Amino acid sequence: RRWHSAEAPFEHLNPVTEQDVQQFASILPPSSVLSTLPPSSTAASELDQYNNDWMGKYHGKSTTVLKPKTTQQVSDIVKLCWERRVGIVPQGGNTGLVGGSVPIHDEVVVNLSNMNKVRSFDPVSGILVADAGCILQSLTDYIAPHHHIMPLDLGAKGSCHIGGNVATNAGGLRLLRYGSLHGSVLGIEVVLPDGTILDQLTSLRKDNTGYDLKQLFIGAEGTLGIITGVSILTPPAPQASNNVILALPHFDNVLPLYKEVKRQLSEILSAFEFIDRTAYDLAVKHGQGRGLTEEEVDGAQCFVLVETSGGRRDHDEEKLNDLLESLLGADQPLITNGVLSQSPAQFSSLWSLREGVTEAVSKEGKAYKYDISVPLSTFKQVVDVTRDHLRSKGLLHDGAVKHVIGYGHVGDGNLHLNVIAEQYTDEIQDALEPFIYELVASHRGSISAEHGIGAMKTHALHFSKSDVSIALMKQIKQLFDPRGIMNPGKVIEL
Ligand code: FAD
Ligand code: MLT
Ligand code: ZN
C-alpha cells in the first residue's frame, strides 16, 4: 500500500536472527523478550498489538519485541543492534497517528511500557522526573494530590507515554495555555543509536550552556535515539475550571468570536477548540459526551468549545456568564446558542464532544488524517475544497468516502482535516495526495502541525521544509545515526 511513503532502502539493515534473540535474552528477563524466533516462542498473534498502529492503517512484520525496564538495558540492546546493524523502532503507547510507532519491515520494536516509574517530583518547583514509559494519565494522577497538572492533555492520555509525547512533540488541548513541550521539557535522558547514554536529565529552569541538545530529540519521532527519561515542568492546578460549548451559524464567525472571547476572558481563557457540524454529529452518534438538544443545535454549522482556568470560581463564572450574555444579546449575534457546564460531570461531557471526535471517527470508518497548520480564515475553505475535489473524482458517498470533516485547535492555527472512508484504498490515497499537500503549501502552511511525519509524510517533507532545512536535517541524522538503524524510513529519507 502506498500510504507508506517509505519504501525506504532497508538493504543496509539485517534481520533479527536466533542468535540475536539469544543475546537479547541474556540482557533481559524472558518475559521481556517477545519473539517468534527461538529460544523464545511467542505466538505471532501476540505481536499484533506492537506491529499494528492505532488506526489499523500501518502494519509491520517484526518478529521481536523487547520490553526493557532500565536505561542500562535499553543501552545494552541498542549497542547490540548497532553492532549487528539491526533496525529499531522505539515504541511508547502506540497511539501515534502517522505510522511512526510500528515497523515498516521487520525492525525490532523496543517498547518502553516497562519503564514506568516516577523518579522524583518536587512540589515546590513542580518539576517531575519520570521514566519515558509512564502513561500520561498516571502522571496526571500522581501529581494531582500536590495540586499540579501536566502541561499537556490529549485524547490518548490513557495510553500514550510521556516519552512518546516528547518524541512527537505532542500538542493537544492545553497548548494555548501552557505552550509546547519545547518550553516545558527541562531535560531528557536518551540512548543514542550506538548505545551511548546521553544524560541531560537536568531540572534547571535556566541553562544557557551552549547548544540545547535536548531540543533535537523533542519531535524527532525516535529517529535520533530512544528517550528513557524526561524532566518536565508541571504547572499548578487552576483553582477553578469551567467550559462552555458555543453553537455558530456560520464558520465565518469563528475568527471574530475568537477575538471577542480573548478580549473578554483574557487571562482565564485556557482552550478554544473547534468542531464542524459533521464532526459534532459523529461524536454524538458514537456516544462521545452529552449531545445538546435539537433546539440548542438548530442552525449550527459548527461549534467552539471554550475552557477557562483561573484562580476564583465566582470571578470566572461571572466573566463567562457576561460573555454569553453579550454574545447572545448582540445585534448580530456570532452564536446561536451557548451551553455552560453546570457540574464536573457536564464539564467532562462537553470536553468529550471535542476530545472524542478521534474515537468517533475511528468507529465510523477508516480515516485519512491530515494534521495541518493553515491560516484560521481558511479552515472551512480547505475542508470544502477537499470535499469538492473528492466529489469531482466520483469518490464521495457512493464512491467510498463517507465524510470530510474539520476540527482542531483554533488558537494554534491547527486544523485536523479527516477524510473518512469505508476502506483505505489506493484510489482515495491518490486523490488526496499530493492534492492536500499542495493546498497546504499554497497557504504557506505546515503538513504536520502536531502529529509528526512518521512513515506517512517522509516523501512530502519538502512541501513544508526548504531544501536547505532538509539537507541540514539529513546531516543531523547522519551525525547521530550514521548506520541508519534508529526508526528507519521515518521522518527523513536518507
Ligand atoms: P507512540 O505512538 O508509541 O510513538 C510515536 C512516535 O514516537 C514514534 O515515531 C515512536 O518511534 C516515537 N517514540 C515513542 N516513544 C519513544 C521514546 N521513548 N523514545 C524515542 N521515540 C519514541 N497528538 C497530538 O499532538 N495532539 C493531540 O491532541 C493528540 N490526540 C490524540 C488523540 C488520540 C485518541 C490518539 C489515538 C492520538 C492522538 N495524538 C495526538 C497522536 C499521538 O502523537 C499522541 O497520542 C502521543 O504523543 C504519542 O505517544 P505514544 O506514547 O503513543 O507514542
Ligand atoms: C485531536 O486534536 O483530537 C488529536 O490531534 C487527534 C486527531 O487529530 O484526531
Ligand atoms: Zn490535535
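This is a dialogue about how to read some features of a predicted model.

Visitor: Where should I start with the sheet, and in what order do its 7 strands lie?

Guide: Begin with the general idea, which is that strands of a sheet pair through backbone hydrogen bonds, either parallel or antiparallel. In this predicted model, the open sheet of 7 strands follows the order β13-β10-β12-β11-β15-β16-β14, and the pairing is antiparallel. The edge strands, each of which pairs on one side only, are β13 (337-340) and β14 (366-373). On average, and with direction ignored, neighbouring strands of this sheet are turned by 15° against each other.

Visitor: How many bridges join β10 to β12?

Guide: Strand β10, which covers residues 240-248, and strand β12, which covers residues 302-310, run antiparallel and are joined by 9 bridges. If you would like one pair to look for, take Leu-246, whose bridge partner in β12 is Val-304.

Visitor: Which strands does helix α9 touch, and which does helix α12 lie across?

Guide: Helix α9 (residues 254-265) packs on the sheet and touches β10, β11 (269-276) and β12, while its direction makes about 165° with that of β11. Helix α12 (residues 313-329), for its part, lies across β10, β12 and β13, and runs at about 10° to β10.

Visitor: How do I describe two helices that pack on each other, for instance α1 and α3?

Guide: In general, two packed helices are described by the angle between their axes and the distance between the axes. Here helix α1 (residues 18-27) packs with helix α3 (residues 71-84) at an angle of about 160°, and their axes are 10 Å apart. Because of that angle, α1 is roughly antiparallel to α3, and the crossing of the two is right-handed.

Visitor: Which residues of α1 and α3 meet?

Guide: From α1 you will find Asp-20, Gln-23, Phe-24 and Ile-27, and these meet Gln-73, Asp-76, Ile-77, Leu-80 and Arg-84 in α3. Sorted by class, this contact of α1 with α3 has 4 nonpolar, 2 polar and 3 charged residues.

Visitor: What should I look for in the backbone of the loops?

Guide: It helps to know that most residues other than glycine have a negative phi, and most peptide bonds are trans. In this model the peptide bond from Pro-38 to Pro-39 is cis, with omega near 5°, and Pro-39 lies in the loop between β1 (33-35) and α2 (48-51). The bond from Glu-433 to Pro-434 is also cis, with omega near 10°, and Pro-434 belongs to the loop between α16 (426-432) and α17 (435-442). As for phi, Glu-221 has a positive value near 55° although this residue is not a glycine, and Glu-221 sits in the loop between α8 (214-217) and β9.

Visitor: Which residues come nearest to ligand 1?

Guide: Of the 38 residues around ligand 1, those that come nearest are Gly-92, Gly-100, Gly-163, Gly-164 and Gly-222. Two or more residues of this shell come from each of β3 (88-91), α5 (162-168), β9 (226-233) and α14 (357-364), and the largest share, 5 residues, is given by α5. By class, the shell around ligand 1 has 13 nonpolar, 21 polar and 4 charged residues.

Visitor: Which residues surround ligand 2?

Guide: Around ligand 2 you can find Gly-155, Val-357, Thr-358, Lys-369, Asp-371, Gly-408 and His-416. At least two residues of this shell are supplied by α14, and at least two by β14. By class, the shell around ligand 2 divides into 1 nonpolar, 4 polar and 2 charged residues.

How values were computed. Residues numbered from 1 in each chain as written. Chains lettered and ligands numbered in written order. Predicted model: local features only at pLDDT ≥ 70, side-chain atom pairs only at ≥ 80, totals over all residues. Pairing = 2+ DSSP bridges. Helix = DSSP H or I, 4+ residues; strand = E, 2+ residues; numbered from the N terminus. Axes fitted to C-alpha atoms, helices over the stretch in contact; angles between N-to-C directions. Contact = placed C-beta atoms within 7 Å. Near = placed C-beta within 6 Å. Nonpolar A, V, L, I, M, F, W, Y, C, P; charged D, E, K, R; others polar. Parallel < 35°, antiparallel > 145°, perpendicular 65-115°, else oblique. Left-handed = near helix turned anticlockwise from the far one by under 90°.
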